[in-house]
Amino acid sequence: MRRSSSLLAASAALCLVLPLTPALAQGDASQGAEASQPAAGPDRRFSGKDLFGLAGATNPQISPDGARVAYVRMTADIMTDAEVPTIWLVDIASGRQTPLVTGKGAHTQPRWSPDGKRLAYVSSDGDGPAQLYVMWIDTQRTAKVTGLPESPGSIAWSPDGRSIAYTMRVPGEAMKLGASPEKPEGAKWADGLEVIDRVSYREDGGGYIKPGFTHIFVVPSEGGAARQVTFGNFDDGGPLSWSPDGRRIVFSANRHPEWQKDINNSEIYAADVSSGAITALTTRNGPDNGARLSPDGQRIAYLGFDDVNRSYENTELYVMNADGSGARSLTAGLDQSIDSVEWAGNSQLFVSYDDHGRKRVARVGLDGSVRMVADGLSPGSHYDRPYTGGDFSVSSGGKVAYTAGGTDAPADLWVDGKRLTHLNAGWLAAKAVAPVRKLAVTAPDGRAIDAWLVTPPGLAPGQRAPLILEIHGGPNTAYGPTFSTDAQLYAAHGYAVLYTNPRGSTSYGEAFANLIDRAYPGTDYDDLMASVDAAIADGVADPNNLFVTGGSGGGVLTAWIVGKTDRFKAAASQKPVINWISEALTMDATPFTSRYWFDKKPWEDPMSYWKRSPLSLVGNVKTPTLVVVGSEDYRTPVSEAEQYYAALQIQGVPTALVKVPGASHGGLTARPSQSAAKASAILAWFDKYRVK
């Protein structure tokens, strides 16, 4: 589950908790159904193995003079079954590419020195925590700057280039209660007790939180002893932004006494680099973050909103004086949520935001004027489903580097409308990529709903195909016309795929997103059914072969749908919430659900939670339903999926439980083999119930 401004060994790596037919054990998503491509000649269908061939551009960092771009290229290593980030350099004028940091390990966070002559980055060799490095671009000689016990983050150069600031977790002491007896010398005893006293004590993708807090450090850029700047029992976060004189660092944190329960109330702070003294620059109730000082140090741009406990608020762009006075919103009239902000000069800001399923970059003036400068940004990593995404940076003179693509491949690198890379052009040219087109949908109440239809390659005009309705998570997120490996695998297998942005989705304004506030799941169901009806009326979807799946919020809606209707032949509910009461008390941010999605705590009004829980409808379910979850999911915990699986078994509904070993909620498809195997298992489940 996400609140917006919240797979990769063979299929044998999946734990299938139920004896399955041989079809469910298949590992390649291109096998098992009638192929849309003829068997003779090279097989041009997109397959699970193709996930290892994909490459995407992320984190583009344009040099201050706008002449070069350093970016992170994401590829997959078939031998280690993992995404591998490397750092590349592109000359904008010639388009020439140079690999800067490659080889064993992960190489990320490239950041230019103020004079553009050096590049700082974070790199690991896989044998210990990642460290901070600096490369001299002209010679490509590199110096290791740190030898840290924990990995650094949010790195930022000082204006004079002499220092680099970063964040790092400082270990602390756990609460102790009592003591074990004295252990005899040489004895082998069990581990000692683990005492937990934090409100939110685990995080998805990070596991159980270790004692300690994240703070700001400064280290000389040519190496030397690092110095801790901030202290206390609070987590300090980036981005970090230096004042022009190098005396202050602006950052965000939640340093309120009730920070553990009031989880959405961060402020902008300034830390004195010399003394460590901290000054709060914002004070309102709500999240303030993403702060950036203007080059002249006179103003601070930052992101945030007033928190009134609704499930969704637009994140607005604010600007204030460097001392915290005169704060005002520059984007209150935009009605879209701002993702990130950067300065170009002292009077122009560049921001990114989603608009009707497309990510854009716009230039914002101090007078509140907004002018779009780039459109169609897309992610270069984590593209199993067609979520909006993408990154950008801006040079001192306002030249914009960004990642963008389409539905046929992951993101490439672009600068001011000029495409600089074609990372997948070679091998994808030999593949039959499924076409994607917009589908007009009107909800029962007359609202227009954005939807996209993916059709099997080679589908003849007038020919119908079995349809998979794919529902996004969040629920306050958005799909768009971006590349999706799940959609391509499903289409290569002979299925059409329908994905939509029902009410509650972001990028259509605050009011549209809040149509499901305190009412989710609810009338978003009607939008989804109208989308399926539109796909049938379009002539593509076979009304007798309908299937449904989705993850996180989409998993919730999948389970809700099969409790409401029998029109689908089979379903696959991925990482769902089934019981809002148990989810509210076991998710990784436990104060969240009862504050933002309900009016009262579970024990104060249990029926409100129950009425919106898919488990309340399980007595109606007749649709064969697969349940999928990562074994280390702490956002929609494994117990949610297991509850639904148990209830379906007791009810006599055909079901199976698929657990992805080692996978978190956000990392369900992080390993290429598991991503392919998960899609294959879902297809095999649908094939069992597909009308031939």
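This is a chat about helices, strands and their packing in a predicted model.

Trainee: Let's start with α4. What span should its 14 residues have, and what do the end C-alpha atoms give?
Mentor: Helix α4 covers residues 524–537. At 1.5 Å a residue it should span 20 Å, and its end C-alpha atoms are 20 Å apart, which agrees.

Trainee: How many of the α4 residues are buried?
Mentor: Eleven of the 14, so α4 is largely enclosed by the rest of the structure.

Trainee: Which ones are they?
Mentor: Asp524, Tyr525, Asp527, Leu528, Met529, Ala530, Ser531, Val532, Ala534, Ala535 and Ile536.

Trainee: And what do the buried residues of α4 pack against?
Mentor: Five strands and a helix. The strands are β32 (436–442), β33 (448–454), β34 (465–471), β35 (496–501) and β36 (541–551). The helix is α5.

Trainee: What follows α4?
Mentor: Gly539 does. Its phi is positive, near 100°.

Trainee: OK, α5. How far does that helix reach?
Mentor: α5 has twelve residues, 553–564. From first C-alpha to last it reaches 16 Å, close to the 16 Å expected at 1.5 Å a residue.

Trainee: Is α5 mostly covered or mostly open?
Mentor: Mostly covered. Eleven of its twelve residues are buried. Among them are Gly553, Gly554 and Gly555, then Val556 and Leu557, and further along Trp560 and Ile561.

Trainee: At what angle do the α4 and α5 axes cross?
Mentor: Roughly 80°, and the axes come within 11 Å. The two helices are therefore roughly perpendicular to each other. Asp524, Tyr525, Leu528 and Met529 of α4 make the contact, with Leu557, Trp560, Ile561 and Lys564 of α5.

Trainee: Those α4 positions come in steps of three or four. Why would such residues point the same way?
Mentor: An α-helix has 3.6 residues a turn, so residues three or four places apart point the same way.

Trainee: Switching to strands. How do β32 and β33 pair?
Mentor: In the antiparallel sense, over seven bridges. Val436 stands opposite Val454 in β33.

Trainee: What connects them?
Mentor: A hairpin turn, with five residues between the strands. Gly446 sits in that turn and has a positive phi of about 95°.

Trainee: Which other strand does β33 pair with, and how?
Mentor: β35, again antiparallel, over five bridges. There, Asp450 stands opposite Asn501 in β35. β33 itself is mostly covered, with six of its seven residues buried.

Trainee: New topic: α2 and α10. What is the angle between them?
Mentor: About 45°, with the axes 10 Å apart. That makes α2 oblique to α10.

Trainee: Left-handed or right-handed crossing?
Mentor: Right-handed.

Trainee: Which residues meet there?
Mentor: From α2 (residues 485–492), Thr485, Asp486, Leu489 and Tyr490. From α10 (residues 672–689), Ser675, Ala676, Lys678, Ala679, Ile682 and Leu683.

Trainee: Last one. In what order do the strands of the four-strand sheet run?
Mentor: β20-β21-β22-β23. The sheet is open and the pairing is antiparallel. β20 (288–293) and β23 (328–329) are at the edges, each with a single partner strand, so one side of each lacks a neighbour in the sheet.

Trainee: How many bridges join β20 and β21?
Mentor: Four, in the antiparallel sense. One facing pair there is Leu293 and Ile300, the latter in β21.

How values were computed:
Residues are numbered from 1 along each chain as its sequence is written. This is a predicted model: local features need pLDDT of at least 70, side-chain atom pairs count only at pLDDT 80 or more; totals for chains, interfaces and linings use all residues. Side-chain values use heavy atoms; hydrogens and water are left out. The expected span of a helix is 1.5 Å times one less than its number of residues. Buried means under 20% relative accessible area, exposed over 50%, partly exposed in between (1.4 Å probe, protein chains only). Contact means heavy atoms within 4.5 Å. Two strands pair if DSSP finds at least two bridges between them. Axes are lines fitted to C-alpha atoms, for helices over the stretch in contact, and angles run from 0 to 180 degrees between N-to-C directions. Angles under 35 degrees count as roughly parallel, over 145 as roughly antiparallel, 65 to 115 as roughly perpendicular and the rest as oblique. A crossing is left-handed if the near helix is turned anticlockwise from the far one by less than a right angle, and right-handed if clockwise.
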